[in-house]
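Hello,

Here is the structure I promised to pass on to you. Have a look at it first, and then read on for what turned up in it.

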Amino acid sequence: MAGKVRSLVWDDGCLKLIDQRRLPTSLEVVECRTYQEVADAIRTMKVRGAPAIGATAAFGMALGAMEHSHATPKEFLAAMKTISRELASTRPTAINLFWALKRMEKVVDSKQTEPVAGIVDALILEAEAIATEDVETCRQIGAAGAPLIADGDGVLTICNAGALATVDYGTALGVVRAANEASRDFHVYAAETRPFLQGARLTAWELVQEGIPATLITDNMAGWLMQQGRVQVVIVGADRIAKNGDTANKIGTYTFAILAHHHRVPFYVAAPLSTVDLSLESGEQIPIEERSPQEVTHLFGQRIAPEGIGVYNPAFDVTPAELISGIITEVGIICPPYVANLPQAFQMS
């Protein structure tokens with residue numbers, strides 16, 4: 001069973017995306033017919049969430065190929081390299097972006113001696129495959145993680161790792177959905193996730209759409225909830241996981257992990273194996289995106305901080321592996337030691 005939300009739809013040469021900047025007050029769809037429009041959608045966070053960004057970029061490559069379908073083979077191959085570079089430059093932290101682009105590049109490389117029209121068709125099919133696989137992967141993540149949620153549990157999450165962050169169903173919210181489908185009686189606490197409010201705007205909206213019991217909290221309420229015994233498990237998503245298990249996720253995740261450790265609350269990361277970057281030994285090597293100061297100084301266009309104040313706005317932080325109870329993937333829950341068990345997980349996929 002899929003969720004009631006699908007973040008993107010491919011419609012015969014047009015990529016339709018839910019404009020996530022407009023939620024929850026307005027459900028609007030953005031239509032991308034060029035790779036430049038796709039790049040803009042990723043860069044401006046019309047679409048966000050690591051798996052969704054990856055699938056979107058794949059369709060961006062397909063659209064770029066369609067735009068150059070009448071070029072000579074040499075011109076086409078050069079254009080595809082340029083398109084891939086531009087899409088790769090949109091956001092630096094989510095590894096799924098680069099993973100999807102590499103898959104698309106492999107298609108081009110494997111068929112570079114074939115007619116351009118054939119390469120274009122192959123790229124469209126590959127993008128569709130990436131999107132289809134993401135839905136199934138999220139359902140497998142949900143099935144693997146659902147037993148972690150018991151009747152009576154309070155489940156805390158931050159940011160949005162639901163259908164909007166993937167193609168459909170979600171990672172951390174995929175676990176929540178699967179537990180709900182299994183008729184578990186639990187309650188979700190969704191942190192608002194300053195400064196972009198993905199929790200308040202997106203996660204809360206998805207939970208309401210699904211009819212899952214939930215309460216919205218501000219980020220700084222998490223420790224008090226744990227102290228009061230109202231949180232039994234924390235489940236979050238991820239944008240990149242290093243070989244040793246260190247995990248980059250939305251800013252504030254590290255704080256939740258420390259609080260969970262102090263209160264002896266299990267802390268789980270839910271993510272597909274495509275989010276694991278075995279080329280990085282630790283989280284110290286994960287590039288952390290810094291975004292516009294206006295995301296902090298303004299709220300929905302209204303200034304809330306004084307002119308002239310300095311601003312630091314990292315979009316992500318890194319949670320050390322020792323604070324993570326397990327990583328929920330499509331091949332099951334990966335437990336420590338991650339440096340040994342994460343590489344083994346790829347052999348199971």
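Before the tour, one term: contact here means heavy atoms within 4.5 Å of each other. Please also keep in mind that this is a predicted model.

Let's start at the N-terminal sheet. Its 3 strands follow the order S1-S2-S3, forming an open sheet with antiparallel pairing. Strand S1 (8-10) and strand S3 (29-32) are at the edges with a single partner strand each, so one side of each has no neighbour in the sheet. From one strand to the next, the twist averages 20°. S2 (residues 15-18) is joined to S3 by 4 bridges in the antiparallel sense, and Leu 17 stands opposite Val 30 in S3.

Two helices go with this sheet. Helix H1 (residues 35-43) packs on it and touches S2 and S3, with a direction that makes about 140° with that of S3. Helix H2 (residues 50-67) lies across S1, S2 and S3, and runs at about 25° to S1.

Next comes a helix pair. Helix H4 (residues 95-110) packs with helix H5 (residues 116-145) at an angle of about 150°, and their axes are 9 Å apart. Angles over 145 degrees count as roughly antiparallel, and H4 and H5 are therefore roughly antiparallel to each other. Their crossing is right-handed. If you would like to find the interface on screen, the residues of H4 that meet H5 include Trp 99, Arg 103 and Met 104, while those on the H5 side include Leu 123, Glu 126 and Ile 130.

Further along, strand S4 (residues 154-157) is covered on both faces: Gly 154 and Leu 156 are buried on one side, and Val 155 and Thr 157 are buried on the other. S4 pairs with S5 in the parallel sense over 4 bridges, and Val 155 stands opposite Val 188 in S5.

Finally, a single residue to look at: Thr 193, in the loop between strand S5 (187-191) and helix H7 (198-210). Is Thr 193 buried or exposed? Buried means under 20% relative accessible area, so Thr 193, at 0% relative accessibility, counts as buried. What does its side chain reach at 2.8 Å? The partner is the backbone nitrogen of Cys 159. Leaving out residues up to four places away in sequence, Thr 193 touches Ile 158, Cys 159, Gln 198, Gly 199, Asp 219 and Lys 250.

Happy browsing, and best wishes!

Definitions and conventions:
Residues are numbered from 1 along each chain as its sequence is written. This is a predicted model: local features need pLDDT of at least 70, side-chain atom pairs count only at pLDDT 80 or more; totals for chains, interfaces and linings use all residues. Side-chain values use heavy atoms; hydrogens and water are left out. Two strands pair if DSSP finds at least two bridges between them. Axes are lines fitted to C-alpha atoms, for helices over the stretch in contact, and angles run from 0 to 180 degrees between N-to-C directions. Buried means under 20% relative accessible area, exposed over 50%, partly exposed in between (1.4 Å probe, protein chains only). A polar contact is a pair of N or O atoms within 3.5 Å; within protein, one must be able to donate a hydrogen and the other to accept it, and residues adjacent in sequence count only if both atoms are side-chain atoms. Angles under 35 degrees count as roughly parallel, over 145 as roughly antiparallel, 65 to 115 as roughly perpendicular and the rest as oblique. A crossing is left-handed if the near helix is turned anticlockwise from the far one by less than a right angle, and right-handed if clockwise.
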